[in-house]
Amino acid sequence: MTTYTDESAARTLIVRTARSLFTRGLTHGSTGNLSVRLADGSLLLTPTGSSLGTVEETDLSRTDLHGKHLDGPRPTKEAFLHAAFYRARPGAHAVVHLHSTHAAAVSCLADVDPADALPPLTAYYAMRVGTLPLLPYHAPGDSALEPLAERTARTHHAVLLANHGPVIAGASMEQAADAIEELEETAKLHLLLRGRTTRPLTPEQAAALAPPSP
């Protein structure tokens, strides 16, 4: 577990991660948002309308654990989702939300299992993501999603928002970013293999690799 006691280092980490995700095509335009929970309990988030490709350390917003804006620019309109995950998961210190192409594509399919949107095609997906509930569609920024997200996050560190994209919490920013990238690659595999017979991990194999709860 990582505790972010140095705010300056946390700002650098958010921006470095944002640049990495953006330049490798895991998000686009002004989509996606990142946050960390600081040692004092406040949240440091990317601001509304920002691009992960250009956001700077001085641009970041701060809210409390209930989404109240404390200082900095106005936070992402999905700050309530980040706050919900942190309240539900005391061991989580970072949250990443993207509109990554293949995961977003899976979130638009009509035949997705709402209890688990992706099969465990690889060991690393089972280790880093586990099960992936699909939450019903809400417009971006619709805070009516908050109570459902908080309830679901108590038992799952990753969710897929219908017609939208994934949200993942981790014990550290590195862990959350690795997990969301693994999710995107598995979504790509899933779409590439549609119509073909696949051999996902068995429930026993997946359970043996299930990630610890952050």
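Tutor: Buried means under 20% relative accessible area. Keep that cut-off in mind; this is a predicted model. By that rule, buried residues make up 50% of the 214 residues in the protein chain.

Student: Why is His-82 called buried?

Tutor: Set the value against the cut-off. His-82 has 1% relative accessibility, and the limit is under 20%. So His-82 counts as buried.

Student: Where does His-82 lie, and what is His-82 in contact with, leaving aside its neighbours within four places in sequence?

Tutor: His-82 lies in helix α2. Contact means heavy atoms within 4.5 Å. By that test, with neighbours within four places in sequence set aside, His-82 touches Asn-33, Leu-34, Ser-35, Leu-45, Val-95 and His-97.

Student: What makes helix α2 largely enclosed?

Tutor: Count its residues. Helix α2 covers residues 79-88, and nine of the ten are buried, so the rest of the structure largely encloses it. The buried ones are Ala-79, Phe-80, Leu-81, His-82, Ala-83, Ala-84, Phe-85, Tyr-86 and Ala-88.

Student: Which elements do the buried residues of α2 pack against?

Tutor: They pack against β1 (33-37), β2 (43-45), β5 (94-97), β7 (158-161) and β8 (165-170), and also against helix α5 (146-153).

Student: Why is β8 also called largely enclosed?

Tutor: Six of the six residues of β8 are buried, so the rest of the structure largely encloses this strand.

Student: How do you know that β8 pairs with β5 and with β7?

Tutor: Pairing takes at least two bridges between the strands. Four bridges join β5 to β8. Four bridges join β7 to β8. Each pair passes the test. β5 and β8 run antiparallel, and so do β7 and β8. In the β5 pairing, His-97 stands opposite Val-167 in β8. In the β7 pairing, Leu-161 stands opposite Gly-165 in β8.

Student: How many residues separate β7 and β8 in their hairpin?

Tutor: Three residues lie between them. One residue in the turn, Asn-163, has a positive phi of about 55°.

Student: How do you know that β1 pairs with β2?

Tutor: Use the same test: at least two bridges. Three bridges join β1 to β2, which run antiparallel, so the pair qualifies. Arg-37 has Leu-43 in β2 as its bridge partner.

Student: In what order do the eight strands of the open sheet stand?

Tutor: The order is β4-β3-β2-β1-β5-β8-β7-β6, with mixed pairing.

Student: Why do β4 and β6 count as edges?

Tutor: β4 (69-71) and β6 (134-135) each have a single partner strand, so one side of each is left without a neighbour in the sheet.

Student: Which strands do helices α1 and α6 lie across?

Tutor: Helix α1 (residues 7-23) lies across β1, β2, β3 (61-63) and β5, at about 155° to β1. Helix α6 (residues 173-192) lies across β1, β5 and β8, at about 150° to β8. The chain has seven helices and eight strands in total.

Student: How do you know that the radius of gyration agrees with a compact globule?

Tutor: Compare two values. For 214 residues, a compact globule would be near 17 Å; the protein chain has 16 Å, which agrees. The C-alpha atoms fill a box of roughly 50 × 30 × 30 Å along the principal axes.

Student: What share of the contacts between residues at least 6 apart in sequence joins residues at least 24 apart?

Tutor: The share is 69%.

Notes:
Residues are numbered from 1 along each chain as its sequence is written. This is a predicted model: local features need pLDDT of at least 70, side-chain atom pairs count only at pLDDT 80 or more; totals for chains, interfaces and linings use all residues. Side-chain values use heavy atoms; hydrogens and water are left out. Buried means under 20% relative accessible area, exposed over 50%, partly exposed in between (1.4 Å probe, protein chains only). Helices (H or I, at least four residues) and strands (E, at least two) are DSSP runs, numbered from the N terminus. Axes are lines fitted to C-alpha atoms, for helices over the stretch in contact, and angles run from 0 to 180 degrees between N-to-C directions. The radius of gyration is taken over C-alpha atoms; the globule rule is 2.2 Å times the number of residues to the power 0.38.
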